[in-house]
Amino acid sequence: MKRTVNLIAILFCACISVSTFAANEKVEIRHNNDTYTETRSVANLPEASIENRILIVSFDDYGVYSLFIENDSGIIVYYSVLPADGIEYHFDLSGIGAGTYRLILDGHKGEYEGYFSINVL
């Protein structure tokens, strides 16, 4: 019985250390297009955060936006399209590895970007 309990405890600890990610953070977004002249408040910027490899994105604009995620070498590792309509979108990033990434939202009012990192503990 004692061996069984120790084995279960070891397996439980191993599973926790493999599946725990330190990547819960708010992604700071900024507008990249210097030619767009509409006055925008901070509240109108897209909002993004990442929690356990799930990217959460929303903003109150309208129209269709392309979402790109680039790794630190500039290679696109994730791509999607979303209508900007105030709905919160969730993107599973479990297929990309640890590293620093650039989030790009590109649409009719220009390009927005933000940076985040994913670390495996």
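Start by selecting Glu51 and Ile54: Ile54, in strand β4, is the bridge partner of Glu51. Keep in mind as you look around that this is a predicted model.

Now widen the selection to residues 47-51, which make up strand β3; this strand pairs with β4 in the antiparallel sense over five bridges. Between β3 and β4 sits a two-residue turn, and the two strands form a hairpin. Click on Asn52 in that turn and check its backbone: phi is positive, at about 50 degrees.

Next, show β4 by itself, residues 54-58. Is this strand enclosed or open? Four of its five residues are buried, so β4 is largely enclosed by the rest of the structure. For a partner beyond the hairpin, add residues 89-92, strand β7, which runs antiparallel to β4 and is joined to it by four bridges. A good pair to highlight here is Leu55 with Phe91, its bridge partner in β7.

Time to move to another sheet view. Select β2, β9, β8, β5 and β6, in that order, and you have an open sheet of five strands with antiparallel pairing. Which strands lie at the edges? They are β2 (29-31) and β6 (76-83), each of which pairs on one side only. Turn the view to follow the twist, which averages 20 degrees from one strand to the next. As background, strands of a sheet pair through backbone hydrogen bonds.

For a last stop, zoom in on β5, residues 64-70, alongside β6: the two run antiparallel and seven bridges join them. Pick Glu70 and then Ile76, its bridge partner in β6.

Methods
Residues numbered from 1 in each chain as written. Predicted model: local features only at pLDDT ≥ 70, side-chain atom pairs only at ≥ 80, totals over all residues. Heavy atoms only, no water. Pairing = 2+ DSSP bridges. Axes fitted to C-alpha atoms, helices over the stretch in contact; angles between N-to-C directions. Buried < 20%, exposed > 50% of the residue type's maximum accessible area, 1.4 Å probe, protein only.
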